[in-house]
Amino acid sequence: MSAKTSQGYLLISDITGYTSYVAQTELEHSQEVLTELLELLVRMMTPIATLSKLEGDAVFVYAPADQVDRGELIFEMIEACYYAFRDRVTSIDRGTTCTCNACRAIPTLDLKFLVHFGEYIIQSISSINELVGSDVNLVHRLTKNRLREETGWTAYAMFTENCLQQMELPSEGMHPLVETYDHLGDVSTFSIDLRERYAQMIENRKAYITEKEADVTLEYELDIPVPVAWEWVTNVQKRTLASDGPTWSTFSRTGGRTGVGTTNHCAHGKGEISVETILDWRPFKYFTVDNQAKIEENSAMDMINMHEFKSIADGEKTHLIIRTKFHKTNFLMKLIAPMMARSMLTKYYRNIESMAKAEMNKSQLKPNAQLRMEQAAAQNSGEK
């Protein structure tokens, strides 16, 4: 029986600087650090993509095209992975009291991503699944590139031209580079500096509503991983499916991407509309919007809403916190608003939970990242 050719996103996340890190440090401590960082990457990516295998200090995943409704989610996953990686490296460095070379050298580690969209075949030999094909070879060849020589970047995301077209994202502002590989020819790529994006995220003004500032706070436990919950709460098409009535659409996107300044529109019928503008956008962590509701051209209820996502139950569930702050409020509003909001939103988030779980079951994505790491380790062991 012949294997089936599939199309999808092929992605390698590679810890840069690790070879020299291991060569100059104590092996036991360096392996502990590597294991923790690899577990973090797998945990962040596998709810969206499928782990193919671990490759030393790198993680290779793939996401079939029919399982990614919005290509931009791959971009958001990369940003969220890098932010989490950078935060964890900083946390380990600040929290350790060990003076060994491995612990002192932790800040030298960084992360790069190579992303391509193409064809692949899942080849099964002796119960071991392996992705094969020219496009699989290409994404691995991309790990050897001239980008660092040209830019000095130690942390970056490199996308092939074909990948950007599939994601429907513009290449403006990215660093263009053409790589040439034997048997593959010229490959056009576009890259972003992840260190710069991380610094911008830290420096940018935050629109974060604290518990004390909120007029209304609602909390839900969703039986789906954070990346899946994020996609269903932010994707306007999925929001429409879960809303059971209102229709969401996007008015504008700054620079062709969803982020600060993006405007979404919701039509409720009977002349009622809602227009939300994104004020803060931290993929897989939280987002904040300014929401203006109108009924037949008259102002209804204007507010700022923040959705915060916290991973629980070993990454298999999401603790969703929604905080609302009204532009104009009074004692009566504070009293009745929680009851109104809870009545309207409980069904909506239960719809999201059930629809997302059905989608995960259909695509056979399993949320248990540790299980997949063990499977990949067994696969790697079988290949040696």
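Select aspartate 244, just after helix H10. Its phi is positive, near 55 degrees. Keep in mind that this is a predicted model.

Now step back into H10 itself, residues 236–243. Colour Val236, Lys238, Arg239, Ala242 and Ser243; these residues are buried. Look down the axis of H10: the buried residues fall within an arc of 160 degrees, so they line one face of the helix. Turn to the face pointing away from that buried side. There you will find Gln237 and Leu241, which are exposed. Then go to the start of H10 and show the side chain of asparagine 235. One of its side-chain oxygens comes within 3.0 Å of the backbone nitrogen of glutamine 237.

Next, select tryptophan 232, in helix H9 (residues 226–234). Is tryptophan 232 buried or exposed? Its relative accessibility is 3%, under the 20% cut-off, so tryptophan 232 counts as buried. Show what surrounds it, skipping neighbours within four places in sequence. Lys238, Arg239 and Leu241 are among its contacts. So are Ile352, Met355, Ala356 and Glu359. Draw a distance from the C-alpha of tryptophan 232 to that of isoleucine 352. The program gives 6.6 Å, although the two residues are 120 positions apart along the chain.

Move on to threonine 262. Find it in the loop between strand E10 (247–252) and strand E11 (263–269). Threonine 262 is buried, at 1% relative accessibility. Which backbone oxygen lies 3.5 Å from a polar atom of its side chain? It is the one of arginine 257. Leaving out residues up to four places away in sequence, threonine 262 also touches Thr250, Ser252, Arg253 and Thr254, among others. Glu276, Thr277 and Ile278 are on its contact list too.

A second threonine is worth a stop. Select threonine 324, in strand E15 (residues 317–326). Its relative accessible area is 9%, and it is buried. With neighbours within four places set aside, its contacts are Ala214, Asp215, Val216, Met303, Ile304 and Asn305.

Now for the nonpolar interior. The largest nonpolar core has 82 residues. Select Ile15, Ile74, Phe113 and Phe159, the members that touch the most other members. Helix H3 (residues 72–95) gives the most to this core, with 13 residues. Zoom in on phenylalanine 113. Beyond four places in sequence, its contacts include Leu11, Ile12, Ser13 and Met45. Ile78, Cys81 and Tyr82 are also in contact with phenylalanine 113. So are Tyr156, Ala157, Met158 and Leu194. A second, separate core has 19 residues, including Leu138, Leu142, Trp153 and Met158.

Head for the hairpin of E2 and E3. Strand E2 (residues 50–55) runs antiparallel to strand E3 (residues 58–64), and 5 bridges join them. Select leucine 54; its bridge partner in E3 is valine 59. Between the strands are 2 residues. Stop at glycine 56 in this hairpin, where phi is positive, near 70 degrees.

Finally, zoom out to the whole chain. It holds 12 helices and 15 strands. Of its 384 residues, 49% count as buried. Residues 24 or more positions apart make up 66% of the contacts with a separation of 6 or more. Show the surface last. The accessible area is about 19,000 Å², and carbon and sulfur atoms account for 50% of it.

Technical notes
Residues are numbered from 1 along each chain as its sequence is written. This is a predicted model: local features need pLDDT of at least 70, side-chain atom pairs count only at pLDDT 80 or more; totals for chains, interfaces and linings use all residues. Side-chain values use heavy atoms; hydrogens and water are left out. Two strands pair if DSSP finds at least two bridges between them. Helices (H or I, at least four residues) and strands (E, at least two) are DSSP runs, numbered from the N terminus. Buried means under 20% relative accessible area, exposed over 50%, partly exposed in between (1.4 Å probe, protein chains only). Contact means heavy atoms within 4.5 Å. Accessible areas come from the Shrake-Rupley method with a 1.4 Å probe; for residues, only the protein chains shown count as cover. A polar contact is a pair of N or O atoms within 3.5 Å; within protein, one must be able to donate a hydrogen and the other to accept it, and residues adjacent in sequence count only if both atoms are side-chain atoms. A nonpolar core is a set of buried Ala, Val, Leu, Ile, Met, Phe, Trp, Tyr and Cys residues joined through side-chain atoms within 4.5 Å. The arc is that of the directions from the helix axis to the C-beta atoms.
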